[in-house]
Amino acid sequence: MRLHLSLIAVSLALVLSGCKKDTSLLSCADELSEGVRPFARERDQRFLGKVQQNTANCRGGARAVARRDVPWLDWGNYFATGGPGTRSRLFTRNLRGINGALIDLEYERVELIKFNLFDNSGTYPRYASSDSGKDGRGLKVWPEMRLPRSHPDYADVGGDAARQRCKGELIRARTLTGICNDMDNPLMGSAGTLFARNVEFETTFPDAGLNKYARNRHGGRISLMTPDPQVVSRKLFTRAQSDSSACNDGLGKPGYAKDANCDYKKAPFFNVLAAFWIQFMTHDWFSHMEEGQNGPKLVKMGCASQKVNGLERALSPEEISRLGCRPGDEIDQTLVADSTSPTPYKRAGDMDYLPRSPRTFRNTNTAWWDASQIYGFDQRSRARVKRDPKDPARLLMVVLRGATTAGDKQGYLATLESGDPMNPVWAGQEATAFPDNWTIGMSFYHNVFAREHNQFVDHFRRQAAQTPDGDSGLRDPANPTRVIRYRDVTPDELFEVARLVVAAEIAKIHTIEWTTQLLYNEPLFRGMNSNWSGLFGEKLGVSKALGYVVDKLRSSEDPNQASTWYSILASGPGIFGIGSTGADPNGGVNHFGSPFNFPEEFITVYRLHALVPDLIEFRDAHQPDAIRNKIPVIETFRGKATGFMRERGLANWALSMGRQRLGLLALQNHPRFLQNVPMGRIRSATQRIDVAALDILRDREHGVPRFNEFRRQYGLRQLTSFDDFIDQRLPSDSPERADQVELVEKIREVYGTHVCDSTKVITIAQRGPEGEPITDCLGHRNGSTVDNVEDLDAVVGWLAETTRPHGFAISETQFVVFILNASRRLYSDRFFTSSFRPAFYSTLGVDWVNNNGPTRMVEDREINGHDDLPVSPLKRVLLRTIPELEPELKRVVDAFDPWARDRGEYYSLAWRPRPGAEADEAFPRAK
Ligand code: HEM
């Protein structure tokens, strides 16, 4: 720990030097003399993202000091962490601000790794124990992660030997079901394993009141149906319309007329491609459903009651009609893996603990970032993946009659045929492994990456034709010294190499292109790039040296120290490729003592339906500035996407979604069409569902803690009133503030208030400002009326957050969930760490991932103060798969920033056309 403190001290001292005019410097000196904050030893001593006055002053001056008195994170107020106006003329100030933010983020990550890992599969009691002087967080192999006797590969991994170990064909590439990613824990992350949790098991299923704190927290006020999910949706999620006939509940106008309009709150710096990108990602990472179905029983979806003067009362027919909800909506219940009561256990004379959550659920997908939405996650889904009979290394693409452009000549995905295994509602869709909730957005990405797969295969084939006896770089682990020549590589092997490459490209796009635009500011740009290629870039030898230290830490005997250090120092060389030069292809993974799978809470923060607009502003690449049609997203649902894609073409869809802004993640901003989705498979009175209401219902079925405890569990400061949602940075007379005040009133109407009892302690995860226990009164006087902040559904809470760091399309509550899980899914994956090497990817494959394609390309301009930046990876993919877009893409820096927007100066969020796109109809006309 001492080394770490001195590292931070040295970096601060360096930043301090050489600037005499800077008044905030004095605070930096004071901060140093106070010493650096230690990492929390106990859950209730966490950092909370809040710094001392001196620290705030040093890193952000008076502005940062003035803004400390809110529950929200402090670092967004530091120098240079926002837009152009936050940069100082004093270079050292900017450095202090940005580095200060990165230090805060690192504290959060370390404490998240320390306090938020809760595996459901039986390993938790050992992880949490330090009984015999052995810290459970040092465990690297778990019996629960062995293949069971019934598994077809049981014998191949060693059967009932003391230690199972994957070898041979099971380790050469990503396996279909995701087994053998970690060679010592064959089952980990494979399809059908249990979702984990990031919160203490006792805080899950808050309506069940699993301990006295949970019971005190909610006072019997909540249940699966209270507050009513459809009432929450209609009052808090519905997009207001200035002209409801122009929107027509998201159905637009006949002939897709362009004068249709559905109002939505727009994010100026993030486009519709970004919305569908994240849906495409979630289809890779997780699913609670099997083949688009849940359990056999149906449950009602609400539209039954609302709070009136704090009391739940049945809705009258008039109220139902005013709200527009449907009492007849029903949905199939979520699938449950295990609902038997877990037996509590004692920890060394301590209180009782649960060894797992009272109900568990399976991730029916592989948890790995393995492009399983394209390539499959079990036999059934793989059977939908069509390969080219002429070259089975390629995916089957159909070149349509009359194809003229270079992109269209690469073809479109074939469609599902009657003999293919599928849910009948998918008939007519393009053939792919994960076909659920399909619209034009999914059709877009699946076509793009199928083309990209074939681009890589074709390039490999060209290389093989030129140098058939050359070394491909691939090796068979059963015979690692034998060189595999290009000519020896079989179509099946090449198919799997291409899958590895495509999956890694996708992970790279997500990490350094999507996320840096989602969190559009300098600290996050540096943070995400350091996750990928290291804090010090590729240029400095220091990365290599740190890589060596990290390798040593992985085998450290002191897991507590090693975990802390490992996660900090891994930002040095970067997580990607860690351990890839060592002898052991499995040596680079780190699970921090708890087997990897996504937690339920991760799914919660990806319920991002508000991103989707109701209508797509359709354009034609020949006249990019004009909006030709407004096409309802729901018109492209399921099989209907195929016709839209083929008739209108990938290039036009790319342009349309690339130029249009997506929906802000905010209250009252859900697409109208998603509140009225047809669900023919459900035998209910309406055969429709409100997906926004379903988001609430599913989280309750999965036992996600409500918002305030959710924040405490993740090391964020609690709220004490709904008024905390009002952004204090806004002038008191601004219209935005007035809107927020009105929304807070609506939240209060839906969730209510109660008279508090200060004898009831409600949590052990956090303490009040003076170290006192937190009670039902949340710091207010005993017997006063307090908001039911504890009851707020997590999704409602994070959508209500308006105080966000600059350029954040998501809220800070969602963000902490990402900090933990986004790095973990890299740390835990052998193919992103020690097996990222030519033996698995081929030499061409490693280069393709590192260079974003066959050759390295660098932007010829400075971008937010950085020069020599490689051309971003999705832009490169689009240039290869839709080359006719080259004139448009030339101007694009990040494929997820609206393509016609002028990026302006240093992380500007302004909605202004770039030079050359002044005529674009999406921008207000100059007067
Ligand atoms: C535009 C078309 C979309 C449609 C029609 C759609 C539809 C649905 C439906 C019907 C469900 C409920 C499944 C169930 O629990 O029974 C669902 C779940 C979900 N959706 Fe969407 N969605 C769309 C877009 C998106 C987008 C853009 C995201 C962004 C990440 C997203 C993220 C999710 C997540 C995380 C779940 C939960 C999945 C699970 O529990 O495994 N969806 N969606």
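1. Lining of the largest cavity. In this predicted model, helix 6 (212–218) and helix 22 (707–713) each contribute at least two residues to the lining of the largest cavity. That lining comprises 13 residues, and those nearest the cavity centre are Glu200, Glu202, Thr203, Asn211 and Ile764. Sorted by class, the lining has five nonpolar, four polar and four charged residues.

2. Cavity count and volume. Eight cavities of 30 Å³ or more are found in the structure. The volume of the largest cavity is about 100 Å³.

3. Shell around the ligand. The ligand is surrounded by 23 residues, of which His288, Asn294, Asn437, His609 and Arg698 come nearest. By class, this shell contains 13 nonpolar, eight polar and two charged residues. At least two shell residues are supplied by each of helix 9 (272–285) and helix 21 (691–701). Helix 9 provides the largest share, with five residues.

4. Polar contacts to the ligand. An N or O atom in the side chain of His288 is 2.7 Å from an oxygen atom of the ligand. Asn294 likewise places a polar side-chain atom 3.0 Å from a ligand oxygen atom. For Asn437, the partner is a nitrogen atom of the ligand, which lies 3.3 Å from a polar side-chain atom of this residue.

5. Iron site. The protein offers a single donor to the iron atom of the ligand: NE2 of His609, at 2.1 Å. His609 is situated in the loop between helix 18 (600–605) and strand 10 (615–618). His609 is also listed among the residues that come nearest to the ligand.

Definitions and conventions. Residues are numbered from 1 along each chain as its sequence is written. This is a predicted model: local features need pLDDT of at least 70, side-chain atom pairs count only at pLDDT 80 or more; totals for chains, interfaces and linings use all residues. Side-chain values use heavy atoms; hydrogens and water are left out. A residue is near a molecule or strand if one of its heavy atoms lies within 4 Å of it. A polar contact is a pair of N or O atoms within 3.5 Å; within protein, one must be able to donate a hydrogen and the other to accept it, and residues adjacent in sequence count only if both atoms are side-chain atoms. Helices (H or I, at least four residues) and strands (E, at least two) are DSSP runs, numbered from the N terminus. Ala, Val, Leu, Ile, Met, Phe, Trp, Tyr, Cys and Pro count as nonpolar, Asp, Glu, Lys and Arg as charged, and the others, Gly among them, as polar. Donors are N, O and S atoms within 2.8 Å of the metal (3.2 Å for Na, K and Ca); water is not among the atoms, so sites may look incomplete. On a 1 Å grid over the protein atoms alone, a cavity is a set of points where a 1.4 Å probe fits but cannot get out, and a pocket is an open set with protein on both sides within 12 Å along at least five of seven lines; lining residues have an atom within 4 Å of a point. Grid points are joined across faces, edges and corners, and a volume is the space filled by probe spheres set on the points.
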